[in-house]
Amino acid sequence: AVKLPPINNYPSRREWESACWKKIVGSEELLFLLISSYERHNIVMRAATLEGLASRKSYKEIGDELWLSSQTISSIKKAIRICNL
């Protein structure tokens with residue numbers, strides 16, 4: 001079983017959360033316990049959309065490949081821009 005690090009080992013909650021996230025991402029077992037199949041599907045679709053955008057594919061090409069609307073693709077693109085500020 002994967003154990004998360006104790007919070008009192010870190011000077012801030014943010015550092016502890018970062019350490020926990022690394023542990024979770026590194027454990028397929030823990031990810032499958034925590035994330036539903038619906039959430040896994042959404043994460044895969046977002047990652048594939050970002051890959052398509054990075055490859056300079058058009059919204060139509062991405063939408064046709066992944067069965068996504070241009071509105072969804074635009075929302076994913078906007079969300080990434082906000083995170084990169």
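**Contacts and overall form of a helical chain**

In this predicted model, Leu-66 touches Met-45, Ala-48 and Thr-49 when residues up to four places away in sequence are not counted. Leu-66 itself lies in helix α4, and its C-alpha atom is 9.9 Å from that of Gly-52, a residue from which Leu-66 is separated by 14 residues in sequence. Seen from the other partner, and again with residues up to four places away in sequence left aside, Met-45 touches both Leu-66 and Leu-68.

These residues lead to the interior of the chain. Met-45, Leu-66 and Leu-68 are among the six residues of the largest nonpolar core, which also includes Leu-53, Ile-62 and Ile-73. Helix α3, covering residues 37-54, and helix α4, covering residues 59-66, each supply at least two residues of this core. Over the whole protein chain, 22% of the 85 residues count as buried.

The secondary structure of the protein chain consists of five helices and zero strands, and the pattern read along the sequence is accordingly written α-α-α-α-α. The C-alpha trace spans about 50 × 30 × 20 Å along its principal axes. The radius of gyration of the protein chain is 17 Å, whereas a compact globule of 85 residues would have a value near 12 Å. Among the contacts with a separation of 6 or more, 22% are accounted for by residues 24 or more positions apart.

Two residues in the loops deserve separate description. Arg-56, placed in the loop between α3 and α4, has a positive phi of about 65° although this residue is not a glycine. Arg-56 counts as exposed because its relative accessible area of 77% lies over the cut-off of 50%. Trp-67 is found in the loop between α4 and α5, the latter helix covering residues 70-83, and here too phi is positive, at about 60°, although Trp-67 is not a glycine. With a relative accessible area of 78%, Trp-67 is likewise exposed.

At the level of the whole surface, the accessible area of the protein chain comes to about 6,900 Å², and 56% of this area belongs to carbon and sulfur atoms. The protein chain carries 13 positive and 9 negative charges, and the mean positions of these two sets are 6 Å apart.

Methods
Residues are numbered from 1 along each chain as its sequence is written. This is a predicted model: local features need pLDDT of at least 70, side-chain atom pairs count only at pLDDT 80 or more; totals for chains, interfaces and linings use all residues. Side-chain values use heavy atoms; hydrogens and water are left out. Helices (H or I, at least four residues) and strands (E, at least two) are DSSP runs, numbered from the N terminus. The radius of gyration is taken over C-alpha atoms; the globule rule is 2.2 Å times the number of residues to the power 0.38. Buried means under 20% relative accessible area, exposed over 50%, partly exposed in between (1.4 Å probe, protein chains only). Contact means heavy atoms within 4.5 Å. Accessible areas come from the Shrake-Rupley method with a 1.4 Å probe; for residues, only the protein chains shown count as cover. Lys and Arg count as positive and Asp and Glu as negative; His and the chain ends are not counted. The place of a charge is taken as NZ of Lys, CZ of Arg, CG of Asp or CD of Glu. A nonpolar core is a set of buried Ala, Val, Leu, Ile, Met, Phe, Trp, Tyr and Cys residues joined through side-chain atoms within 4.5 Å.
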